[in-house]
Each structure stands twice: as structure tokens, then as C-alpha cells.
Amino acid sequence: MNTEAPAVANSRGFPDRAKVVIIGGGVIGTSVAYHLTKLGWTDVVLLERDQLTSGTTWHAAGLVVSGGMTTETLAWMAKYSRDLFEVLEEETGMSTGFRPVGYLQTASNPRRLAKLRREADFLKLMDIEREEVSAAEVAAMWPQLDAEDVLGGFYTANEGRADPYNVAHSLAAGARLGGARIIQGTPVTGINQHDGRVTGVVTPKGTIEAEYVVNCAGMWARQLGALAGVSVPLQAIEHAYLITEPFDDVSPDLPILEDPDRFAYYREETGGLMVGLFEPVAAPWSLDTIPDDFSFGEIPSDWDRLAPFLEFAMEILPGLESVGVRKLFTGPESFTPDNGYLMGEAPELDNFFVAAGFNSLGILSGGGAGSIMASWIVDGVPPIDVTDIDIARLSPWQTGKSYLAERSVELLGRLHSTGSWPHSSPATARNIRRSVLHERLAESGAHFSESSGWELASWFAPPGEHPEPVLSYGRQPWFDFHAAEHRAVREAVALFDMSSMSKFLVQGADAELLLNHIGGNNVSVPVGQCVYSQFLNRRGTIEADVTITRLAEDRFLLVVAELFHRRTEAMLRRAIGDTRVVVTDITSGYTLMTIQGPNSRALLGEMTDADLSNEAFPYYTAQEIGLHHGHGIAQRMSFVGELGWELFVPTDFSLGVYDRAVDLGRDHGLVLAGMETLESTRTEAGRLDYGLDIENSDSPLEAGLTFAIDFDKPGGFVGREALLEQRKNRPYRSRLVQFLLSDPEPLLHGEEPILLDGESVGYLRSGAYGHTMGAAMGFGYVEHADGVTADLVNGGNFEIVVESERYEASASLRAVYDPKNLRPRS
């Protein structure tokens, strides 16, 4: 039933006002419109510059499968889309063309087989049944396939393919039935805004006032975002598929086939075969701008570039040697720098939402994407974990032409084959953001990963050692080097470069008031006190995990992980309103060196005249101290569970301080340590990593963070009422639990199923090897209808599933390493 008045039209019949204007009439735009009407928002106008599906939707391969959907959010989107497309015709009268012909993935090497097995274990938890099949069964399903090199496969019977054109038009029909208005032939030429909030759109037919605008413009989304001052980092890339002439025994019911190691997928197409490429060396298209008049368009195919990849993909189909080629089609698809979707409210502009950059997966994710976006707009908060899809995770500089040109070359191959492995980082467009210490670390054997453009020292190789990382879930060639770093943290002292962490100064007469309002903990503390807190939304779930230090009565230092820089910055901006607060990003102004381990006090004591004793420098306090010939802010805290200090050193003093620490450290057993060791030590110590163990759909109560919530502070805080209501329902039905395997051999990386008495009760959010504890460890939420109590956790028969094998695990609600947190206070 419609609950709103329809869009108001002018005398020419073109609307003057609407609650929501959606820009773009592909599968994503029509899905957002459809789902908004399902939530009762009927005052919706969708504007399409030409015709529905005329951008990229029309030429999509139409796969409706769950390959690569290795997070709960992505798996949910794929399953929801598949289920919706199966029944949508009953509502709209228009078929989506969905046919569950089945989906078959193959593995031709042991590492790929292990990876697909892990994915199948996880997807089963998401109600996606993926059956492991033998090489002989693969050959029976695909008679055209030379399966000699196939070790095995994984088959999902109820997935398949749909008609992309019909999917979008069926969604559009549903949106119209719900009251939405769809207007074709109407490009948007401007975005109106006032006081940081979108107010409408400009078109050649007139201006439409709007409370919300949703950018679903596909490969035009970057250009459209620029009209609003919003960065949308995506780039159109050439995506090719070959269609053969018809030949015998190719059935329309042939399962979708995917061979990740050949960077290809295969399906039936009008009696022939379609061979689609996700080649490891791709080509960006139209780097400057996407032409406004590009509709139902095709890019000239570059046979010379594509031929080697096509030959490699077709080697396993020997029957194609005598079959003609009907068409080699190349069309543009928009990809993002990290292969994650771009969804959510733009950090720069309130009520301006983006749903774009679906990396060739728009059809199989389209239903779920529209549902998430509609709920996000209507409720003001996302209904699901959006860590990997929130547009706020990316930065404005990532819209740069040179950056996108370089990074886009590897994005197809990483999406399909090489990107979703543990410890894997992009190879292109690197060394963009580097710590002042970068060259020193590189000279000391650092091997780097990348996060938000920052080069992070991941692990260090001893002199003369040059191990090459491999795509594997097993032990890496650098595993023993990492273990030595870990031991140094526990037994001596280690230095980590954490300069990538985002740092903000929050200043002004109302700074305390603002931070107490959006954070659960109380920052009304003495100068020099550090506070661990979470920024919450009105549902009481965690939007950011922060450390706040009071530097003065009206000045605070706020630190958050680099991936959540823009989200945190936007939360602060939106909360400021008319308060007397100024927020300054000082990330690049300070190097963050953290010195951790039992010998950290002795080492730091030789670099400063400050008294580092427990009495003079208590745990979780900060002081401005001298450091060799420089100075900095020292915070006594530890993410790794040891005695230690975090040193915020002005960049102009950093090299001198670092060199002195390394020189003096030789007498104290100092080791340089990287992010792999940070992860393993923090996992042992029970420290949580936002984006993994906790995220925007998690409650701090269920995560065991009640100690960081002050329910009684004056003025309350955002989310307080929701948490008070939740607190009434103890024991909580979901709790974050730490697990330790009994067997020292398996490795954990996250997404492994958790079993209690043989039944699934959750999955690991993260995993690392606990070198001190002697086995792999991880965090995961355990769910139980009767509540998760300490007795259930401590006495339960828990197992973790690794590559379809069950391994006994002990469970704890407290850190198994130093459960009383005595070592950092020593």
C-alpha cells in the first residue's frame, strides 16, 4: 500500500519534487527503486539518461552464482538475488529469465582445491549448498571438457543464469507497481546542495527537488559524483567474451563452468559456447570520461591482446578447434581499486548515496544490493556488515586518472583468481603513501602489503633471505621469520611502524561534549588519560573503534585504523552541527612508532629523561616526552598484550628517533616486526580488530566491550537506549568467543565454521597463528537460542572446520594469553 504522495509534477508532466531521485536505469538503479517501494517509500523517481539497461546491464553474461562471495554480506547478496529472480515474475508479470542450470567450479592444483573447499564450508553456513565432486563427475557434467588436469570440482545445483535485460525490466515493473516513476531519456547535468546536504538534481527537462539522491550511474558514476563534489573511485575496463558457432551436444541446461586458474568462465549461448575472460592483464577504457552518448555500445575487440588469454582458456575445450567463432564481444564494466562495491552515503555530502562499481557482478548481486541500499536510506543505518562495500573506505585521490590507469590492469584477474587469498596485495599502483620510515624498513628486509594506499611492513626477512610469497592457505615461506618476530614481542622488545593509523585533533570548547555524545565511553577524564571507546549508531552497533587521549581541557587526540579514516571523519563532521569544535586531520604530521615487549621500558628509558615507572607513567596514560634529540607524545598502551608505549613523533624528528631506537635496541634484543606479527600477538592477547572481529552490525555488549561503555555519564550517548534494551535480555544469544585449536598444524584465516556438539553455531571472523600458545587461534561469534553463557563456552565441545575437516578447539570469553592483562601493567 502506498504511504506517500506521488512525485509532484509541473505543467509539462515532469516532476518538480520527489523524496528520492535515483540516477541510472540498470539493474542496480531499478533494484533500489523496487526495494524502496517495498519499504513503503513510493515518492521515488528514477532518471535514466537513455534507455533502461543501455549502459552495461544489457551485455552482462547473466551469471547468477555465488563464486567468490566469501563474506557474509556478499554471500547474502548473491543468495537473495538468486531467490528474488526466481519468483519476481509472479509479482511483476515479467520473467527474469532465471534458469537454475547449476554452477560448477573446478580446481587443477591442490592450493585451488583447498581454497574452494574452504569456501564451500563457509557458504554452507549461508544456506548455499556447494557439493564437492570428483574429476570424473566434472567430466560427466561437462562432456566437452578435457578434465585430465582437474583434481576436483564444486557444484551448486540451484544457481545458474538469468537474462540481464529482463531482470532490470522486471525490477522496473515492480517499482512502477509500487508507485515509483521511471523517466527515460533524461540525463542528470547537475546536483544541487545546501549546507552539506543534497537538495535535488538538474536535468534538461527541469530541476527536481529531492531529500535523497542515489547515484546508480554505473560507469558514469565517477563523473556524476564529481558534479556533486563526491569522489567515486571506479574505472571502466574492457571485458570480453567469445561466442562460438553452435555445435553438437551443447545443451541449454549445461551448468555454468568456472575455472579460476584459467581466468575464465564458460556457458551455453544459443547452441554454442560463451567463453568469458577475467584476464590477469586487462585494459582500462576511456580514462578521461565515459561518452554521454554511449548506449548499447561495444568496444572494438583487441585480438592481439586477448588472443593469448583466449587460447589458454580454450585449451581445456579441445572440441572448439573445429568450431567457428560467431562473435568476440568487448564491452565496458566498471571496477573499483580494491574490487569491492561502492555503496552507502557519501562522506562528503549528506543524503547523497552511491550504489556503483560492482566489478562485473552487478547482476548476481543486484537484488541484494537494492535491498541493502533501500534499508540504509530508509533506516539511516545499513542492515548488514558493510566493511568491504562502504564507499567511505576509499579516498578522493583514488579517482585520479594515473592511479586508475595503473591499478585497473590487474583488477579483472584479482577479482576472478588471484585477489581473495590470505596475505595477497595488489601489485600495481604501489608506493603511493609511505611512512617516513619506509626506506629504513625496506633496507632492513621489510616486505610490504598495502592498505588504503599505505605501504605497511608485513614481515621482515633476515639478511640474504628472499622468500617469495605464494597464493596459499598453508604456511608461507616467511612463516618462521614471522614466528621469530612474535617471540621477540613476548620475550624481548619489538618496534612496529603504525604510521598509517589515522590521527585527528578534536579541539574546541565543546570537544568533550561531542566525543561523549557519539562515543560509548566517557572522555570526561583528566588531561593525559587515554580512553578506549566505540562510536555507535542509534541501533547501538559499532561504527568506529577509537582510542581518544585528552591532551588539554579542550583538545583530544583521536586514533582510528586507516581503513575507517573517512567514515570517522564524516561521523565527526555530521555530529559537529553548531557546536564549538574543529577537527583537524594530522595523520601525515606524525610517525607512529610502537615499542612493545618486556624490554620496552629499558629501551625507551635510554631515549628519554621521562620517568617511565608505573607510579609516574601509569598504564593507559599519555605524556609529552623528550625522545633523543626530538620529542613526541608517548601513550602507554598495548595492542599486542605486553608492556609498551606508542610514540607519536613529528615527522621531522622521526628518522632520528627511529635510528636511535634501533641503535640502542641491539642491547635489548630489539626486532623489527610487521603486521603479521601484530595480528598474531593481538589475537593471543584478546584485542579486537575493527572490520574483522567487530563491525557496524555488532553490539559492543555481545563483543565483550561492556567495559568501554559508560551508561551513567551525563547526557547519555548515541545508541544508549538500544543497548539498555539489549542488556535486559541476558544472557545474550550471540557472544564473541576466542578459540584455540588443539592441533598445531592447521592454519586459520577467518570464515571457518564453528561447531558446538557437531552443530554449526557461527564462523570465525579472524584467524592467526598463536606462536606462544602453540596453535592457530581466532575470534568468532557463537549463537545459541538459550543464550551464550560462560558455562556453555568453557564446557562446550567446540570444533573448527578447516577444509572440511573438524579440529577440536578450546573456547574462552577472555584472552587465553594473560587473561588478567597484567603484562601491559607490569
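**Helix H2 and three helix pairs**

In this predicted model, the buried residues of helix H2 get their cover from several elements, including helix H1 (27–38), strand E4 (63–64), helix H3 (110–125), helix H5 (164–177), strand E18 (342–345) and helix H8 (362–379). The list of residues tucked away in H2 runs through Thr-73, Leu-74, Ala-75, Met-77 and Ala-78, then Ser-81, Arg-82, Leu-84 and Phe-85, and on to Leu-88 and Thr-92.

H2 itself takes in residues 72–92, so to speak a run of 21 residues. From first C-alpha to last, H2 reaches 29 Å, close to the 30 Å expected at 1.5 Å a residue. Even with that span, H2 has a kink of about 40 degrees, and the kink is centred on Glu-86. Right after the helix comes Gly-93, with a positive phi near 80 degrees.

One of the elements covering H2 is H1, and here is how that pair sits. The axes of H1 and H2 are 14 Å apart and the packing angle is about 70 degrees. Angles of 65 to 115 degrees count as roughly perpendicular, and H1 and H2 are therefore roughly perpendicular to each other. On the H1 side, the residues involved are Tyr-34, His-35 and Lys-38, and these meet Tyr-80, Leu-84, Leu-88 and Glu-91 in H2. Of these, Leu-84 and Leu-88 are buried.

H1 also packs on H5, with axes that come within 8 Å and cross at roughly 25 degrees. Anything under 35 degrees counts as roughly parallel, and H1 and H5 are therefore roughly parallel to each other. The crossing of H1 past H5 is left-handed. H1 brings Val-27, Thr-30, Ser-31, Ala-33, Tyr-34 and Thr-37 to this contact, while H5 supplies Val-167, Ala-168, Leu-171, Ala-172, Gly-174 and Ala-175. Tyr-34 thus turns up in the contact with H5 and also in the meeting with H2.

Further along the chain, helix H12 (residues 479–491) pairs with helix H17 (residues 675–685): their axes come within 9 Å and cross at roughly 50 degrees. H12 and H17 are therefore oblique to each other, and H12 goes past H17 in a right-handed crossing. The contact draws on His-482, Glu-485, His-486, Val-489 and Arg-490 from H12, with Glu-676, Thr-677, Ser-680, Thr-681, Glu-684 and Ala-685 coming from H17.

Conventions: Residues are numbered from 1 along each chain as its sequence is written. This is a predicted model: local features need pLDDT of at least 70, side-chain atom pairs count only at pLDDT 80 or more; totals for chains, interfaces and linings use all residues. Side-chain values use heavy atoms; hydrogens and water are left out. Helices (H or I, at least four residues) and strands (E, at least two) are DSSP runs, numbered from the N terminus. The expected span of a helix is 1.5 Å times one less than its number of residues. The bend at a residue is the angle between axes fitted to the seven residues ending there and the seven starting there. Buried means under 20% relative accessible area, exposed over 50%, partly exposed in between (1.4 Å probe, protein chains only). Contact means heavy atoms within 4.5 Å. Axes are lines fitted to C-alpha atoms, for helices over the stretch in contact, and angles run from 0 to 180 degrees between N-to-C directions. Angles under 35 degrees count as roughly parallel, over 145 as roughly antiparallel, 65 to 115 as roughly perpendicular and the rest as oblique. A crossing is left-handed if the near helix is turned anticlockwise from the far one by less than a right angle, and right-handed if clockwise.
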